[in-house]
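Subject: Handing over a structure

Hello,

Here is the structure I promised to pass on to you. My notes on it follow underneath.

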Amino acid sequence: MNTRIVSSVTFNIPGEAKGKARARVMRTGFSYTPKETVSAENLVKTMYIACGCGERMWPGPIRLTITAVYGTLKSWPKKKLNASVAGTIFPKLTKPDADNIVKLICDALNDIAWKDDSQIYQVQFTKIYGREPCTSVTIHFEEELEIQK
């Protein structure tokens, strides 16, 4: 696919990244989304709109770059703390899973930043340690280019 970036938007979601939880099913057969997931999705929407983007519902292809920054533990020795922030030790390898974090962000921005998350053709995701926990999301709005023959 030949595309070019029309514009990019970056926004930060405060706090440690949350993953999308599975829908719960009651004995009656009624299913619902857990409150923690709904709350996390609402925070993603709020931070996207607060960055000044509004609801633009991009119709074309989209690339995402997501970096989930997790806070370091106060009990860590200074050497490990500095190494983790510098990125010289392994990144965070525990839950939540990368795919659940991406899914939560993609679903939260459906009908706000894009019509449907099926428009996303590439996702770059990283989990790291840092001093301030947050999730940085960059959306690259692109358009398909016509190939001249």
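A residue is called buried here when its relative accessible area is under 20%. By that cut-off, the buried residues of α3 are Ile101, Val102, Leu104, Ile105, Cys106, Asp107 and Ala108. They pack against α1, β4, β5 and β6.

Before going further, please keep in mind that this is a predicted model. The protein has an average pLDDT of 88, and 93% of the residues score at least 70. Confidence is highest in α3, at 96, and lowest in strand β3 (residues 31-32), where the mean is 83. As a general caution, predicted coordinates should not be read in detail where pLDDT is low.

Now to the core. The largest nonpolar core has 30 residues, and the ones that touch the most other members are Phe11, Tyr48, Leu109, Trp114 and Ile139. At least two core residues come from each of β1 (3-14), α1, β4, α3 (98-108), β5 and β6. The biggest share is that of α3, which gives 6 residues.

You may also like the aromatic pairs. How many are there by the ring-centre rule? The count comes to 3, and I describe two of the pairs here, beginning with Trp58 and Phe141. The ring centres of Trp58 and Phe141 lie 5.7 Å apart with the planes at 55°, so this pair is tilted; planes have to be over 60 degrees apart to count as edge-to-face. Trp58 sits in the loop between α1 (35-53) and β4 (62-71), while Phe141 belongs to strand β6 (residues 134-144), so the pair links distant parts of the chain, 83 residues apart. Trp58 is buried because its relative accessible area is 16%, under the 20% cut-off. Phe141 is buried too, at 0% relative accessibility.

In the pair of Trp76 and Tyr129, the ring centres are 5.0 Å apart and the planes stand at 75°, so this one is edge-to-face. Trp76 is in the loop between β4 and α2 (78-86) and Tyr129 is in strand β5 (residues 120-130), so the pair ties together parts that are 53 residues apart in sequence. Trp76 and Tyr129 are both buried.

What sits over the ring of Trp76? It is the charged end of Lys80, 4.5 Å from the ring centre. Trp76 therefore has Tyr129 as an edge-to-face partner and the charged end of Lys80 over its ring.

Enjoy looking through it!

Best wishes

Note on methods: Residues are numbered from 1 along each chain as its sequence is written. This is a predicted model: local features need pLDDT of at least 70, side-chain atom pairs count only at pLDDT 80 or more; totals for chains, interfaces and linings use all residues. Side-chain values use heavy atoms; hydrogens and water are left out. Rings of Phe, Tyr and Trp (its six-membered ring) pair if their centres lie within 6.5 Å; planes under 30 degrees apart count as stacked, over 60 as edge-to-face and the rest as tilted. Helices (H or I, at least four residues) and strands (E, at least two) are DSSP runs, numbered from the N terminus. Buried means under 20% relative accessible area, exposed over 50%, partly exposed in between (1.4 Å probe, protein chains only). A charge sits over a ring if NZ of Lys or CZ of Arg is within 6 Å of the ring centre and within 35 degrees of the ring normal. A nonpolar core is a set of buried Ala, Val, Leu, Ile, Met, Phe, Trp, Tyr and Cys residues joined through side-chain atoms within 4.5 Å. Contact means heavy atoms within 4.5 Å. pLDDT is the predictor's confidence in each residue, from 0 to 100.
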